[in-house]
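Reader: I have a protein model open in front of me and would like to learn how to read it. Could we go through it together, feature by feature?

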Amino acid sequence: MDIHEHQAKEIFRKYGVPTPNGYVVYKPDNAVKVAQQLGGDLDVWVVKAQIHAGGRGKAGGVKLAKSTEEVGLLAKEMLGSTLVTHQTGANGKKVNRIYIEEGVNIEKEFYLGMVLDRSKEMPVMMASSEGGIDIEEVADKSPEKIVKVAINPTIGFRGFYGRKLAFGLGLPREQVNKLIKFAESIYNVYMDYDASLIEINPLVLTKDKTFIALDAKMSFDDNSLYRQPEILTMRDLTEEEPVEVEANKHGLSYVKLDGNVGCMVNGAGLAMSTMDIIKHEGGTPANFLDVGGGANAETVAKGFEIILSDPNVKSIFVNIFGGIVRCDRVAQGILEAAKITNVNVPVVVRLDGTNAEEAQEILANSGIKNIIAADSIADGARKAISAVRGN
């Protein structure tokens, strides 16, 4: 789950992480009043679109205003507009809220981020002296400019981790302890809130030698949200795919992709393998859909409805290994889906495991013409791809 920049900064401030003063605005009429309340020594304000995507600066979603009147004009221009960045896709995202901040007297821009490194089984903090809107290019072309420190969670953050970051950035001695304190606070936020990602780009050093989080991005482990009620209150459903929200209501793990072969699978590992083999055979998966270990006829029928809500889907590959989920239950679900949903594309079915023979008999006697049996996962992938191509 993601949250907005202004929400992440609220969390930062609780941990003593310096951020510019700012207010969130939902209506253009409030923008000038907010700017006047902020004031500021520099007579510069920053108007920022609040969407769950990076690349806002390059897309025109972060703009400077040199008067409160200009803040109002930018607010009218930005609110309700659609912002297209390299992370939103071609359709972009509608801007429903903006964040207005006071200007900051910047001396130097850095990058600071934190993410889980699964190969090391530890959170890793990353920093670069090349912060700003082109950090992706730095990572691609000059990875040596990014300092990485794996932090052992059994001992927590220690000063030597911060010193490694500071020395890697080439900071003078008088700024080292300031960065250590800043980095430790970010680590504590990451661990206390079960974050999966924290990104500050840019982290700025001001003219008065203070480190400030000029931007803030946070993502959270969905599996931990049951113990993070504060984060759940920050969820913005308008930023999420409506069909993914609907799937979640029914206990289905669904992620929309850009392909044309719909996938219905039980188990995340098998779902990943199914998508991999579809790609290997020359096709493109349209989704990740895990019906879970407790799937029943109603769940399977809902899964079909969700998959078919994507107009790009030209065939569906049902790949079920029966264990906790019996194959005959899935077969009954397919029949139920055919009754209540217009399953108007070929459905390739591979069922193996508990009650697989009974399931195959149910489907064979169903009278549904567009069901195609598959003998293996590879055979199923090939048949689903062939069905997309009209063969």
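Author: Let us begin with a single pair of residues in this predicted model: Lys-48 stands opposite Val-62, which belongs to β3.

Reader: How do the strands β2 and β3 run, and how many bridges join them?

Author: Strand β2, made of residues 45–49, runs antiparallel to β3, and four bridges join the two.

Reader: What is the order of the strands in the open sheet?

Author: The order is read from one side of the sheet to the other, and here the four strands follow one another as β1-β6-β2-β3, with antiparallel pairing. The edge strands, each of which pairs on one side only, are β1 (22–25) and β3 (62–65). From one strand to the next, the twist averages 20 degrees.

Reader: Which helix packs on the sheet by touching β1, β2 and β6?

Author: That is helix α1, residues 5–14, whose direction makes about 50 degrees with that of β6 (98–102). Another helix, α3 (residues 68–78), lies across β2, β3 and β6, and runs at about 155 degrees to β3.

Reader: How should I read a pair of aromatic rings, and how many aromatic pairs does the structure hold?

Author: One looks at the distance between ring centres and at the angle between ring planes, and the structure holds five such pairs. In the case of Tyr-15 and Tyr-193, the ring centres are 6.1 Å apart and the planes stand at 65 degrees; because planes over 60 degrees apart count as edge-to-face, that is the name given to this pair. These two residues link distant parts of the chain, 178 residues apart, with Tyr-15 in the loop between α1 and β1 and Tyr-193 in the loop between α6 (173–192) and β10 (195–206).

Reader: Why does Tyr-15 count as partly exposed, and is Tyr-193 buried or exposed?

Author: Tyr-15 has 26% relative accessibility and therefore counts as partly exposed, whereas Tyr-193, at 7%, counts as buried. Elsewhere, Phe-157, Phe-160, Tyr-161 and Tyr-187 form one aromatic cluster.

Reader: What should I look for in a helix such as α11?

Author: A general idea helps here: an α-helix has 3.6 residues a turn, so residues three or four places apart point the same way. Helix α11, residues 327–340, has 14 residues and reaches 20 Å from its first C-alpha to its last, close to the 20 Å expected. Its buried residues include Cys-327, Val-330, Ile-334 and Ala-337.

Reader: Finally, how is the whole chain divided?

Author: There are three domains: domain 1 (1–19 + 105–240), domain 2 (21–103) and domain 3 (242–389). The centres of domain 2 and domain 3 are 43 Å apart.

Notes. Residues are numbered from 1 along each chain as its sequence is written. This is a predicted model: local features need pLDDT of at least 70, side-chain atom pairs count only at pLDDT 80 or more; totals for chains, interfaces and linings use all residues. Side-chain values use heavy atoms; hydrogens and water are left out. Domain bounds come from an automatic or database domain assignment. The expected span of a helix is 1.5 Å times one less than its number of residues. Buried means under 20% relative accessible area, exposed over 50%, partly exposed in between (1.4 Å probe, protein chains only). Two strands pair if DSSP finds at least two bridges between them. Axes are lines fitted to C-alpha atoms, for helices over the stretch in contact, and angles run from 0 to 180 degrees between N-to-C directions. Contact means heavy atoms within 4.5 Å. Rings of Phe, Tyr and Trp (its six-membered ring) pair if their centres lie within 6.5 Å; planes under 30 degrees apart count as stacked, over 60 as edge-to-face and the rest as tilted.
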